[in-house]
Amino acid sequence: MPDLLASAVDAASVAVDTRAAVPPIGAPALSWRDGEILRDGVAHRIIAGSIHYFRVHPDQWEDRLRRLAAMGANTVDTYVAWNFHERVEGDVRFDGWRDIERFIRLAGEVGLDVFLRPSPYICAEWSNGGIPFWLSGRVAALRTSDADFLAAVDAWYDELIPRLVPLQAAHGGPVVAIQVENEYGSFGSDPAYLAHLRDGLRRRGMVEMLTTADGITSDMIEHGSVPGAMATFTFGTGVAKAVELRRHGDALMCSELWGGWFDHWGERHHVRSAASAGGTIEELLRAGGSVSLYMAHGGTNFGLWNGANHDQVLQPTVTSYDSDAPIGEDGTLDEKFHALRAMFAPFHAAALPPVPAAPRRQGAATAALDRRSSLSELVSSLPTSGEVSPRPRTFEELGAEDGLVAYEADVSFPADATLTVDGLHDRAVVFLDGARLGVLERDGETSLPLPREGGVGRLVIVVESLGRINYGPYTGEGKGIMRGVMIGRRLVNGWTHRLIPHDAPAATSPSADPAADGVAVASFDIAEPLDAWLAFPDGSKGMVWLNGFLLGRYWKIGPQETLYAPAPLWRTGRNEIVVLDTDGLGATVEIREQPSFGETEEFIGS
């Protein structure tokens, strides 16, 4: 599978292996005692904000970090997404976009401490909660003491942790705290698993302060905590409850104070006012607490990295992770930013860095989308994957991380027959001999009628994963056709599979009928690479590539209406946009000067 994220980054950013160059060790930067965090024996407040390196183009890392420092934070908080680094088992990458060491060093150069959250599981509305799909495809007992799961975690930590050790404050680096696990108390009850992670961090050389993070219930704190790590909280509101639940001796800290919220397709765009978010933060600071704002800068679920929730039905997360953060998806600074800057300024001995200038954007423009092939034609042009299988194979069995897989079989069917997909994860477009029969959805209609007269034909079912579940008991759930396909009560056997690659579909000859599904191409001539927002006003449900880089998805059900296209992905001169729409192509693509996240609603988080 092509690694578009790595190829999008200049080769100059390739990571340098510093694992052998560990300077002499000093004392850890932070500790806690008698309800306070101490730095060199003096009371200290962590004033942090979350920025995820994997959601920001690396050419923009420094800019976003500087905006965070200007907001008044003294610390940047980031998860480490395991599946972002090890997409193929055993091929662990720390180059290009995955150069976590470079991100940490940049934070230190900007003057920020770093709070690292390298749990095997991160949630974060990120695909599979950060756990690689190849692991969840074979291990059922994720986030437990299961031997196979721990073996994979240990192998990952053997690659990751030695890179982080020399970046700790005790070695002269900016890392001052490390999280052991993430909101484990809302998931499981395996203290041996938490102890294994804690001991694994220490054994590999992590000496800085350890933490855990859980919601504000006694049950969550009980099952999510581990001796030797300071328990912290996650909430939108609830400072008084956190004070009540704080364990003896622990300092009061909210590791995720939700200043905004993420969005699911088909819902409204969630916002939280500056007064609401600021009120909770001010209450926490008055109570003597430390804070990490989640998110300070949300960034983007580029490609197909978005996760999904499951609450009776699947709830896939949109491409944008703007999260109504004070530092917007393109770096725009809003009212919330300025309110927090004023609130955080008294916690600094010196004046805060100046407020950075607003980001520059490309001017509005429109280009026609030229249709090149139908979805059915695209599928038929791709090679089959492996031999014929009696039953449809899952994405995991096929080695498909996400995206689209086409299932094909020759079928015969009687008059008035019905086709049913049993265990559809998540959405499918169905064809018979190239003719489109309809769309099926896992939480909607999973059956459709075949031609009334009966007959024979080539059945093609193009299945799309809408996002791997990132939170709760269904984390790690598989994708594809999980059980089988039936005509009436009879299972269909004899399946071949085609994987639709994540790189941009090749352009062929122009085709008529722009309203149909399939592949289309547009181009823009750009004088200067600047940030832009792309919109597909007549499109139905598609994936979008800019100069070969998969930006993400659009869907007419909203709320998100524009896709962020950062300046480093553009080039001077001709730029190509490729769209693959499974439901119905629009006629144009637009560059807009402002984002549109859809109709809003005030939301505090839950």
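1. Which residue in β31 does alanine 535 stand opposite? The residue is threonine 562. The model discussed in this note is predicted, and the points below begin with the sheet that contains this pair.

2. Strand β31 belongs to an open sheet of 4 strands, ordered β15-β33-β28-β31 and paired in the antiparallel sense. The edges of this sheet are formed by β15 (365–368) and β31 (562–565), each of which pairs on one side only. From one strand to the next, the twist averages 25 degrees.

3. Strand β28, residues 532–535, has pairings with two strands of this sheet. With β31 the pairing is antiparallel and runs over 4 bridges. With β33 (residues 588–592) the pairing is likewise antiparallel, over 3 bridges.

4. Tryptophan 533 illustrates the place of β28 in the sheet order. Opposite tryptophan 533 in β31 stands tyrosine 564, while in β33 the residue opposite tryptophan 533 is arginine 592.

5. The side chains of β28 deserve a separate remark. In a regular strand, side chains alternate between the two faces of the sheet. In β28, Ala532 and Leu534 point one way, and Trp533 and Ala535 point the other way. Are these four residues buried or exposed? All of them are buried.

6. A second open sheet has 3 strands, in the order β1-β2-β3, again with antiparallel pairing. Its edge strands are β1 (30–33) and β3 (42–43), each pairing on one side only. Strand β2, which covers residues 36–39, runs antiparallel to β3 and is joined to it by 2 bridges. Arginine 39 has valine 42 of β3 as its bridge partner.

7. Lysine 541 merits attention as a charged residue in a strand, β29, which spans residues 541–546. Why is lysine 541 counted as buried? Its relative accessibility is 3%, and the cut-off for buried is under 20%; lysine 541 therefore counts as buried.

8. The surroundings of lysine 541 can be described in some detail. Its side chain makes a polar contact, at 2.8 Å, with the side chain of glutamate 464. When neighbours within four places in sequence are left aside, glutamate 464 is also among the residues in contact with lysine 541. The other residues in that list are Arg427, Leu466, Tyr554, Trp555, Leu580, Asp581, Thr582 and Asp583.

Conventions. Residues numbered from 1 in each chain as written. Predicted model: local features only at pLDDT ≥ 70, side-chain atom pairs only at ≥ 80, totals over all residues. Heavy atoms only, no water. Buried < 20%, exposed > 50% of the residue type's maximum accessible area, 1.4 Å probe, protein only. Polar contact = N/O pair within 3.5 Å; in protein donor to acceptor, adjacent residues only side chain to side chain. Contact = heavy atoms within 4.5 Å. Pairing = 2+ DSSP bridges. Axes fitted to C-alpha atoms, helices over the stretch in contact; angles between N-to-C directions.
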